[in-house]
Each structure stands twice: as C-alpha cells, then as structure tokens.
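Let's take a walk through this structure together, starting from the inside and working through a few places worth a closer look. Please keep the 3D view open as you read.

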Amino acid sequence: MQWLAYNFATGYYYSPKLLIIPNFPKTLSVSLLSSIFVSAMRLRRPAGIATCDQEADWSISKTHKRRWRLAFTVIYFTRALTSISKKLVLDKKGPVLRSLSYVAIEVQPPIDEAISSVDQPAIFLNVDPNTFAEMVRDKNFVSLSQFGGVNEIALILRTDLKDGVNGSEAGLNERKNVFGVNKFQKPPAKRFFSFLLEAFKDKIILILVACAVLSLAFGIKQHGWKDGWYDGGSIIVAVFLVVIVSAVTNFRQSRQFQKLSEKSSDIRVEVVRDGRRGPISIFEVVVGDIVYLKIGDQIPADGLFLEGHSLKVDESSMTGESDHIEINERTPFMLSGTKVTDGFGFMLVTSVGMNTAWGQMMSSINRDLNEETPLQARLNKLSSYIGKVGLSVAALVLLVLLIRYFTGNTKDDMGKREFNGSQTDSGDIMNSVVGIVAAAVTIIVVAIPEGLPLAVTLTLAYSMKRMMADHAMVRKLSACETMGSATIICTDKTGTLTLNEMKVTEVWLGKEVNDDTSLDMAGNVHKLLQQAVALNTTGAVYKAHSSSVLEISGSPTEKAILSWAMLDLGMNMEEVKQNYETIRVEAFNSVKKRSGVLVKRKSDKTLHTHWKGAAEMILALCSTFYDTAGMLKALGEEERLQFEIIIKNMAAKSLRCIAFAHKERVDEGGLVPQNLEENGLTFLGLVGLKDPCRPGVKVAVESCKAAGVHIKMITGDNVHTARAIAIECGILHPDENLDNEVVIEGVQFRNYSPEERMEKINRIHVMARSSPFDKLLMVQCLKRKGHVVAVTGDGTNDAPALKEADIGLSMGIQGTEVAKESSDIVILDDNFTSVVTVLRWGRCVYNNIQKFLQFQLTVNAAALVINFVAALSSGKVPLTAVQLLWVNLIMDTLAALALATDKPTNDLMGKPPVGRSEPLITLIMWRNLIAQALYQVIILLVLQFKGRSIFGVDEKVKSTLIFNTFVLCQVFNEFNSRKLEKKNIFLGLLNNKLFLAIIGITIVLQLVMVEFLRRFASTERLDWGQWGACIGIAALSWPIGWLIKCIPVSGKQLAYHSTASTS
C-alpha cells in the first residue's frame, strides 16, 4: 500500500507512509474533505484513462494541476479555519487544546507492483477501449504524446515490455471482458427460409404449382372435396417435397462452406506471455499482448511498435496505397489486417476485434465460398442445352395431346372418348387441359438436369470436408476440380519434400571438420561465433530456470543454429546481447540469401558487422579466415578453392551449408553507416544442417509419375544439395548428371532467351539457387507450353507464382499469411504426400461428376423418348406428373448424393491427366448411356403397348408396372454408373456406405409409393410375381452394361465439347 502526500512548504508531491494534516478542525466534515481530496488525486489521463505512474517520472498535465489546485484549496481552507480558531481561543485566553487530528488518504499501488502479482488478474479502472482504438486508427501523435508514449501505454495496460502479459486464464479473461475478444461480428448467415424461397422461385416449379392449383380447383368442383383433391393435391405435395429436399441440401452445404471459411481465417501468431514466445490462435490475442512479427505475417490487431528492425508494412488492404510504410519509433502505428513486407519486430496490442478498423470492415463482408466454378459453368451450359431439347419435346407433346384430345382421339380408362364436343362438361374439359399442361411441364422438369450443378456442389463439399481430414484446406472451390487436370507440380524442398527438422551435423573451422559439432576452438573464434549466432538471429530462447528444458522459437534453420550454439558452444544469449547495442539489421531475403547485423560494443565503442547465410555467397564476401588455432590468415585462390570443395562435398551429403563472417572497425566520429560492410570480411566457419526427407515422399513422387504428372523441384539451396535431395526423393535418378540441363541454377534459367527457355523447360527437373522471380518465370513458361501447373510456396515473395499458377498450394506451418492468401489450397502439414492427396481428390471430383452426368443423361433420354412416343401414338403419357417428379427427386438429390461421394481410388492415379479443356462427355460415356437408355426405352414401350396382354392386367396396373420398372431401372443403373470403364461395378462398393444407404432408401420409398400411396402416386398394388418381373427386367441392365463395356472405344475421342474451359 502506498500513501501520497503534498508538501505545503515546497509544493512538491511525495510518498511518505502517512499523510498528516495537523490541527484538523473536528467541525469540518472529514468524509466530505476526503472525498474531494481523493477525487482530486485520481490521476486521470486524457479521454478518461486512469493510471498511476512511477513517482520519479510523472508528467503532470493541466488537468492534473487543476485537480491538485482543488485539493490544495480545500486543505488551505482547513488551515485557515484552524488559524482563525486558534486566534479566537488565544483572544479568550482559554486553554489551548494540544490533541491533533489526522487525515489518511489511501492511493492505489504502483503499476509495477500490480504487474508482479501474477496470481491476481489485471484490473483496468476507467479504461476506455475506444480511446486507444481511435488513437491508432487515426494515427494520432498528439494523443500518443498525451499518454506519455508507448512505454506509458504499456504500463496502463499492465504489460511487461520484456515478459509480456500474465498468461493465466483469469488474467486473460479479465482483458477480454474489458477490451473484447479478437473476433469479428459477421453478417448473419442465410436462413433456411431463404433457401426455401430461392427453390420456389424456379419458373418451372411455379408453373407446376399453378397447374396443381387449377387441377385441385376443377377436381374439387367436379368430384367434391372427398375425391377431387387427389390429382392436384398430389402434385402440390410432390412439388413441396422436391423444393424442401433441394433447400435442405443447399442449406447444409452453405453451413459447411461457412465452417471452412472460419477455419481458413484462424491463423497462428506468435506472442510473448510470461516471458515465453510461442504461437497462439489469432482469436486468442488480447489487448496488452506483445506480438512478434516477421516478413509475410498478417498483423492480428491494432497496436504500437515496440522494437524491431527494417520493419515495413503493406497497408493497401486498408488504405489502398501500394507504397510500403516503414514502421519505427517515429511512426509506431500498426493496423490490423495489414501485411509485413520486410524486417521483423514486436508490437503492443492496443485494440482487438470490433474495435479495430479491420474488424469493422470485415464485419460487413461475408466471404462467399459458393462461387461458380469453371466445371459448374460448363455444366450449366450443358443443362441449358438439354433443357432446350426438353422444352421442345414438351411443347410437341403438349401440342399432340391437345390436338388428340379435341379431335376425340383420347379415351379414358373405360375406353370411352374423353371429348364429345358440346356434350362434354366445361369443367371436364378444363380439368383435362390442366392435366395435359401439367404432364408437359413435368416433362420439362425431368428433362432439365438441374441435378448437375447440385452434384458439383455436393461432390465439392464432400471432397473439401475429406481433404480437410487429409491435411488440405480448400480456399477456392475451383482448385478442387482444376487439380485433377494438373500436369506439372512445382514444389519447394524444405518442409515439403523434407521434414523441416534441421540439426547441425557438421562444423568446419578453417579446413578442419568435427562431426560431433563440439570442436575445440580458440577463445577468440569461440567468442566471435557466439556473437555471430546471438546477435544475428530472429529466434528466441526461453528457459524458466536452470533445471527446465530449453525452449527455442524461430524458423527451423534458426532453431537448429541456436540449439547448436547453446548446447555445444555454451552460449548465453542474454549475456552476449547485453554487451552490444544493435545499430542496423538487414533481414534475410530470398534474393541475397543472407542476413546481417551491425552492432556497437558498449565497452570500447567498436563496430562489428556479422553476416550469416548461404556458404558460397558468404565466402565470396571474405578476404581472410580463422584457422582452428585462431590465427587470421589470408584467403587466397587456393584456400578459396579448398573451401568451395568442402561446401560441395557437404552439399552432396544433402546438408544445407550456412557460413558466418565478421568484420570489426573503430567507430569514427559517431557516424552510423548507411549499409552493412560487404567486403573484406573474415570467414569464421560454416555448419552443415541435415534435413531428412519425409517418410513416404518417394512413393508419392512415383505415384505422380505413374499418373502422368511431372515433378519439378525449385529450391534456394545450391546445386549439389538440390541434386542430392532430388535423388533421395526419387525426382532424379542417380545416373542423371548435371550436364544435360536436368539440374540448373536460377540465374542460368533467368539468362536464357525466351526461345531457349521454351525449348528446355520440359527437360528441367531441378532448379537450385532460385529466386521467387525464377519460380514465376518457370510457371509462365510451363503455362505457355499448355501445361496445367500446380505450385507450392511458403514465402511472401512466392505470392506472384502462387497467383500465376493454375493451382496455388501454400504451406500451413511455415507459410506466411501473404502466401496463404495468394493460394487456392493450404497444405496444413507442409507434406508433399498431402499434395498428392489433393491431386487424387481433384481427379475424383471430375470422375464423380462424369458418373452422375452419365446416369442423369440416361434417365433424361429414356423419359423424354418414352413420353414423346407414347403421346404421339396413344395420346397419353405413361408417367403422371407426380411419378415424374418422384423420378426427378431420385435423380437430382439421392443419386447425386450416392454418386458424388465416392472416395478416390488408386485407379485414378493410373490414368493421364484430364486436359485443360477436355469435353465432359467422352465416347465411353456415350456408349454406356445410349445402350442403357435404348434398353429402357424398348422395355417400357413394349410394356406401354403390350403390357396389358403380356401380364393380363388392366390399364392402372399396367401404368404401375411401367412406373415401377422405370424407377428400378434407374436404381440398377446407378451401380453401372459407378464404373465408367471397368466391368466389375461392385469393386469397392462396401467402402461407400452412403451409396448403399441411398439405394436402400430409394427402394423402400418406391415400395411405399406403389403399395401404400396409391391415390397419391396413381398406382395399384402389385403382387409378388409382378414385383419379380419388374426387378428382373431392371436387373438385366447389369449384364447389358457388362457386354457394352466389351466394345472398345477410344476415350480420347469426344462427342460433346463445351466452349468453356476448366480454368
């Protein structure tokens, strides 16, 4: 507890244990005085923020002075009263009372004491979150200076600048309660009613409903309520059933896409809590957190710059300005949603969620994952074409039926003419006409393959869900289908083909090596290497106490080098850093492939430059080197050649070679150099980092080759390391050499003429020492060659190549947020095997769509031909409106679910890639569907014209036999559609439980329709023999399908070609 006092003699504030006001008159209200005094002593910052600064550096504003003057006036007034009372007492020559009165005023404890209390949550009195939000959003320097700067705001937020916030659950919850959570309020999702309304807006559905209402009205008028509602009511029920099923399906897919959208926005950020730096979800970031930012990161909240080097931010997402903003102590404001383009640094979070400008902007945006994919666009065109054919057939049927009706050529079930001129009741005429129109409209409903886009949506949604389980998150739907057409995969090495678990396995000092990595070395070299690692790193080391396990954070390369320096060199990182002042930092970039730092030693003011990076590039900057004895020697041509051989031999063992260089000079006149020294450096030594290949990557590469997909490895490592890894992964064969341009360097590829690049691009398997520009150039050349290109990338500079590629694949672990936003699919485990899994799913999507397309076109062709021929010959359609709607329901939804959810099989990887613009319907598909449709048409027409005599039944039973056989033919044909080419249609059947369930549901519902819903479906009960006949006729489609597949056709010949392409 701290006590605050005012010294009336000096006019200064001080903090004794007790504030004593002598001779306080008992007649004055102590509570009133105390309340006024305490109110005056609340140290309020502008805009309502309360703080209690350290007494040594209080900065009193005018507001503070006014409050203290109020307190002083009150105390002065009491002193005056005391003086007057003494004078009165002395004048009366009475006794003077010597008992003194005291007032004690309690003040809040200082902030540093509150921070040290880790067991208690932070308490933020009178802190207005909007004040900080407006300050950062408006970049208000005046408001920042009124607060006393960034460090003072950290005190207000009870954040330790070194250890971060208290990471206890109570402390974090307190911050969330006061400042809010880092989540955006998204617009409400579409409700089920909206999908229901959209389904009802279909013009064909509206026409059917109108026909049903008219039929209902005339039926009730003619036959009364009891019997007259069946025809119209049945159509209404059937229409509602179709609409509800469609709405439910779309609603479920919408919810699934929404979940995937939320998953894609859950990025990982590094924060410092309780002295430990580690990754957390962006949604868990709280006000007061210290966030570590590096190139490619998305800034997770609004905040202020604390420390860092060469930090630049792209604010185009917020301001529209393309220029990168440099962030430092002079411009410390950092906005949520912007991207770090260079450097690294730490940020103090001041606002989260809806209190940020990004949050307010994102709250009005609802990301739509239901974009129309290229395949959906092609299917919509096909649907439109088929719909026009169906409309023409329906119009012909309508015309023929009306002519036959009004010419007296149609008869009822009793064999009597339906139209007898003036003798026929007008109600009967209207009822018959409405029935004819309803039949024609229903033919249109069946003819239009509305299930095609639905099938694409279902298979995409299903594949996206399964791909998530297989460590691939789809950001762009079209990538699912495009991946099936990929002919080239350009992949990174580190973390994709390898485990990204690096370890120092070799250390070279001078020309000597030690495989144990703990080489005895001279004291001066030992110290320089410790400095080289500790001062030139973006990693961090945390160790709670001497017996705890060492925790190292950073990139895999940084972690490996830090681990080696801490364990083998005995480096104390904090101790080294305390002796030096960092002046300038050059962050690692993929062009120079090195990072550097310029520091000043505090003891003697000497300047030290340290470089670390690719061994051959660091070696080129050096003119001297240290041997193992610590002696400085000149680096002549002979020694340089020896070092190059050492580097080459290390690379041949799949080691990544990292070298260290140093230069020391005296500080002259305190001038800070603009750039780091890059000439005349001293070579300190080099380390070899081993990053083993991922298990199973060789098998994955071989499966890609078998599928006709070529793998090209693009890496920043040198030629020898790249070649060794490529051989280990199976991309290259050991007998291939470097002379036939299978393995080249980026600079070599870059310097080719455009004609040379196009000529040699197919021969190149590995590109080493490549820059992001080289990767982009390769992608552009491959696309011009006609390839469908998939590219993996993880860095910010990979963004152009990821956008240029047909399919951009970013890495979920090592990938920057810029890379992820530029990609179509995020590989969550950074594993090349997952890339191959995406390829399998891409082919599966296309294959499933072709299965359903073949099935639906078979039904459409059969239904159209049957109704058209029957209408022309007999004047009646064999299938009623309700029956046709039921068939439509089977096709559009149940069959789509059954055929669109098949899992990928190994057979898919044995076929060549689907061409970029290859048409949807191959001759193989035409062969299958024409054979099945022709069989169905023949069988059903025979039943239509000879069914009564064959089975010895009446007209109603014959119609039921036709309806039942037609539906069962579709059920059996679903099995045929599972395999477009293979004769064994039951292969892998038990693996798709959903297919079997849907087949079972369809059969049960058909049984109910025929046996129990006779009035609704216009059917009659069938006996066992009739059921057996229907099943037997439908089952013949299996042997017919088997025989048809014996007819050889070229799968490359295509009969239908859409003008749209898949990408």
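What follows goes from the nonpolar cores to a cavity and then to two arginines.

Keep in mind from the start that this is a predicted model. A good place to begin is the interior. In soluble globular proteins, nonpolar side chains tend to be buried together. Here, the largest nonpolar core is made up of 146 residues, and Met483, Ile825 and Phe832 have the most contacts inside it. The element that gives the most to this core is helix α29, which spans residues 832-874 and supplies 20 residues. Another core, of 74 residues, lies apart from it; Met135, Leu293, Leu569 and Val585 are among its members.

Let's zoom in on Ile825. Setting aside residues up to four places away in sequence, Ile825 touches a group that includes Met467, Ala472, Met473, Val474, Arg475 and Ala479. Its list of contacts also includes Ile807, Gly808, Leu809, Ser810 and, from helix α29, Val838.

Now for the empty spaces. The structure holds three cavities of 30 Å³ or more, and the second largest encloses about 60 Å³. Which residues line this second largest cavity? They are Gln854, Asn928, Ala931, Gln932, Asn973, Asn976, Gly1041, Ile1044 and Lys1045. By type, this lining divides into six polar residues, two nonpolar and one charged. Helices α31 (923-951), α32 (955-977) and α36 (1037-1044) each supply at least two of the lining residues, with α31 giving the most, at three.

Next, find Arg656 in strand β25, which covers residues 655-666. Is this arginine buried or exposed? Arg656 counts as buried because its relative accessibility is 18%, under the 20% cut-off. Its side chain makes a polar contact of 2.7 Å with the side chain of Thr494, and another, of 3.2 Å, with that of Thr557. Beyond its neighbours within four places in sequence, Arg656 is also in contact with Lys493, Met502, Val687, Gly688, Leu689 and Asp717, among others.

Finally, return to helix α29, where you will find Arg840. With a relative accessible area of 22%, Arg840 is partly exposed. Which residues further along the sequence does Arg840 touch? Not counting residues up to four places away, they are Pro904, Thr905, Asn906, Leu908 and Met909. As for Asp907, its C-alpha is 9.9 Å from that of Arg840, although 67 residues separate the two in sequence.

Note on methods. Residues are numbered from 1 along each chain as its sequence is written. This is a predicted model: local features need pLDDT of at least 70, side-chain atom pairs count only at pLDDT 80 or more; totals for chains, interfaces and linings use all residues. Side-chain values use heavy atoms; hydrogens and water are left out. A nonpolar core is a set of buried Ala, Val, Leu, Ile, Met, Phe, Trp, Tyr and Cys residues joined through side-chain atoms within 4.5 Å. Buried means under 20% relative accessible area, exposed over 50%, partly exposed in between (1.4 Å probe, protein chains only). Helices (H or I, at least four residues) and strands (E, at least two) are DSSP runs, numbered from the N terminus. Contact means heavy atoms within 4.5 Å. On a 1 Å grid over the protein atoms alone, a cavity is a set of points where a 1.4 Å probe fits but cannot get out, and a pocket is an open set with protein on both sides within 12 Å along at least five of seven lines; lining residues have an atom within 4 Å of a point. Grid points are joined across faces, edges and corners, and a volume is the space filled by probe spheres set on the points. Ala, Val, Leu, Ile, Met, Phe, Trp, Tyr, Cys and Pro count as nonpolar, Asp, Glu, Lys and Arg as charged, and the others, Gly among them, as polar. A polar contact is a pair of N or O atoms within 3.5 Å; within protein, one must be able to donate a hydrogen and the other to accept it, and residues adjacent in sequence count only if both atoms are side-chain atoms.
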